[in-house]
Amino acid sequence: MEKKLSEAALQGDAKTLGQILEEDPLILDKIIVSCISETPLHTAATLGHLKFVKELLSRKPELAAELDSQGCSPLHLAAAKGHAAVVKELLSVGGEVGFARNADGRTALHVAAIKGRTAVLAEMVRVKPELTQVLTDRGETGLHLCAKWERVEALKVLAEEMSRDGEFLNWKDCEGNTALHIAITKKNLQIIEYLVALNGLQPNALNKSRLTALDVLRQSPRGLRDMEIEYALRKAGASTVKDLHVISDDWAPEKIKELKKRVSSQVSSTNKANGKEKEKKPVDWMGRKRSALMVVASLIATVAFQAGLTPPGGVWQDDYVVDENGNPVSDPHSVGHAVLAYKEPKAYGIFMICNTVAFLSSLSIILILVSGLPLTRRRWMWVQMVIMWISITALEATYFITLTGMSPDDVGIMLREVTQKSVLAWMTVMAVVFIGNIIRLNLWVLRKYGWIKEKRRRSESVDDDDDDQDVFE
């Protein structure tokens, strides 16, 4: 009989349900007292069989409070699927059915907010507005969940009701984040603009990290809409916590003492700041340069190695043969040898020299970087950068030689012009870099011997000048 009832629930057959209840009037009571996790009402609510749901509730309204193995009531399932009419019918039963929370700590309204079921939310707000005040296990309102899952229309339905009570509009979850904080992390401009336009919203509410919504935006990874979001926040009166100059009353005295201690320690270390900056910045500069040199050197070594194994024109695929008189049928060659070495021996020799220089110089940089030697002075980094210049220049020469070997004779004039202009451009770049470093060296010498008075610099602009001074030490 129970199997027949389950099939009727799947089909939404209210007529069969009436026949089953006539045959066994206690079958619904048996289902309630048994250990069956999913009742026929769960099935009908999930599938949206409104007539079947009405018939079940008229016979046994207690079924609306039954929970399945996941802690979900029939209202949870109907809300998740967006069956607004079924939700309305289930809420009409009354009681605490709308306040039941599943295994995830969420009510049916929370589930509908996550799924973006606008019609369901509108029905719930109309029938039981107090459902908007129920929180999840993490202290989240439906507004938090809409912002988290970026359900714009669902958020508008809830915000309209919750804007009547500023407390819930600015409610903070377990991390102290309001719905606006969550929307900022998602970078959803439409939600942000809607929230800041609501009456009663506090754009400068602080979370547990003492950050306003604008602080969260500035500390998040940069995005294409950051300027638009900041404009919307500024227009609504949002500020950073630094601009507010406010310490809220909910800070404990211990936290205030800790803050004062931190500030005093920063003040006491002001006299040592310049020395510490100059100790730390070379490490940061050296780390960045070492990483960049390792990447470029590895790339050049790979390219040079591949070019050495596959020279321009490829290699001979067979040995030359001779006729009966011992005369070669084709040009003399041996299998595996470079074709360019036979056709253009001079160009092949220059190619191999340049390629070998690029390969060995890049390998030498890699060896120095991975050797573990304490080469922490910047002059050693300067030496490695010069080696890298040589390697790049040799690789450029290899490229033009390869291009010449692969091009037919009738494009030789045009290729020669392109090569000349390219080499001239490259030499210009090298000259600019060389002159720039010479200027930096001269400035360092003049500062060191006091011929140029060193000006006081702000911390934001000190990096470049420190680099000028330490590169040549």
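Buried means a relative accessible area under 20%, exposed means over 50%, and partly exposed lies in between. The structure treated in these exercises is a predicted model.

**Exercise 1. Describe the overall make-up of the protein in terms of helices, strands, burial and sequence separation of contacts.**

Begin with the secondary structure: the protein has 24 helices and zero strands. Next take burial, where 37% of the 473 residues count as buried. Finally turn to the contacts between residues at least 6 apart in sequence, of which 68% join residues at least 24 apart.

**Exercise 2. Find how many aromatic pairs there are, and classify the pair of Phe-168 and Trp-171 by its geometry and by the accessibility of its members.**

The general approach is to describe a pair of aromatic rings by the distance of the centres and the angle of the planes. With rings paired if their centres lie within 6.5 Å, the count comes to two aromatic pairs. For Phe-168 and Trp-171, the ring centres are 5.3 Å apart and the planes stand at 15 degrees, so this pair is stacked, since planes under 30 degrees apart count as stacked. For accessibility, Phe-168 has a relative accessible area of 12% and is therefore buried, while Trp-171, with a relative accessible area of 23%, is partly exposed.

**Exercise 3. Classify the pair of Phe-305 and Phe-359, and locate its members in the chain.**

The centres of Phe-305 and Phe-359 are 6.2 Å apart and the angle between the planes is 35 degrees, which makes the pair tilted. As to location, Phe-305 belongs to helix α19 (residues 273-309) and Phe-359 to helix α21 (residues 345-370), so that the pair, whose members are 54 residues apart, links distant parts of the chain. Phe-305 is partly exposed, at a relative accessible area of 45%, and Phe-359 is also partly exposed, at 23%.

The UniProt record, in an unreviewed entry, places a "transmembrane region" at residues 291-309, 347-370, 382-403 and 423-446. In the model, residues 291-309 are 100% helix and 0% strand, with their end C-alpha atoms 28 Å apart. Residues 423-446 are likewise 100% helix and 0% strand, and their end C-alpha atoms lie 34 Å apart.

**Exercise 4. Determine how α1 packs against α4, and how α2 packs against α5.**

Two packed helices are described by the angle between their axes and the distance between the axes. For helix α1 (residues 2-11) and helix α4 (residues 40-47), the angle is about 15 degrees and the axes are 8 Å apart. Angles under 35 degrees count as roughly parallel, and α1 and α4 are therefore roughly parallel to each other. Their crossing is right-handed. At the residue level, Leu-5, Ala-9 and Leu-10 of α1 meet Pro-40, Thr-43, Ala-44 and Leu-47 of α4.

The second case follows the same steps, with helix α2 (residues 14-23) and helix α5 (residues 50-59) crossing at roughly 25 degrees and their axes coming within 9 Å. By the angle, α2 and α5 are therefore roughly parallel to each other. Ala-14, Leu-17, Gly-18 and Leu-21 of α2 make the contact with Lys-51, Phe-52, Glu-55, Leu-56 and Arg-59 of α5.

**Exercise 5. Establish to what extent helix α13 is enclosed, and what covers its buried residues.**

First count the buried residues: helix α13 (residues 179-186) has eight residues, six of which are buried, so this helix is largely enclosed by the rest of the structure. The buried residues are Ala-179, Leu-180, His-181, Ile-182, Ala-183 and Ile-184. Their cover includes α10 (142-148), α14 (189-196), α15 (213-219) and α16 (226-235).

For the "repeat: ANK" feature, an unreviewed UniProt entry lists residues 36-68, 70-102 and 175-196. Residues 175-196 are 73% helix and 0% strand, with end C-alpha atoms 20 Å apart, whereas residues 36-68 are 55% helix and 0% strand, with end C-alpha atoms 8 Å apart.

**Exercise 6. Locate Lys-187 and Glu-150, and decide whether each is buried or partly exposed.**

Lys-187, which follows α13, lies in the loop between α13 and α14. Its phi is near 55 degrees, a positive value in a residue other than glycine, and at 19% relative accessibility Lys-187 counts as buried. Glu-150, found in the loop between α10 and α11 (152-162), has a positive phi near 60 degrees. At 38% relative accessibility, Glu-150 counts as partly exposed.

Note on methods. Residues are numbered from 1 along each chain as its sequence is written. This is a predicted model: local features need pLDDT of at least 70, side-chain atom pairs count only at pLDDT 80 or more; totals for chains, interfaces and linings use all residues. Side-chain values use heavy atoms; hydrogens and water are left out. UniProt positions are given in the numbering used here, feature names are shortened, and annotations may be inferred rather than shown by experiment. Helices (H or I, at least four residues) and strands (E, at least two) are DSSP runs, numbered from the N terminus. Rings of Phe, Tyr and Trp (its six-membered ring) pair if their centres lie within 6.5 Å; planes under 30 degrees apart count as stacked, over 60 as edge-to-face and the rest as tilted. Buried means under 20% relative accessible area, exposed over 50%, partly exposed in between (1.4 Å probe, protein chains only). Axes are lines fitted to C-alpha atoms, for helices over the stretch in contact, and angles run from 0 to 180 degrees between N-to-C directions. Angles under 35 degrees count as roughly parallel, over 145 as roughly antiparallel, 65 to 115 as roughly perpendicular and the rest as oblique. A crossing is left-handed if the near helix is turned anticlockwise from the far one by less than a right angle, and right-handed if clockwise. Contact means heavy atoms within 4.5 Å.
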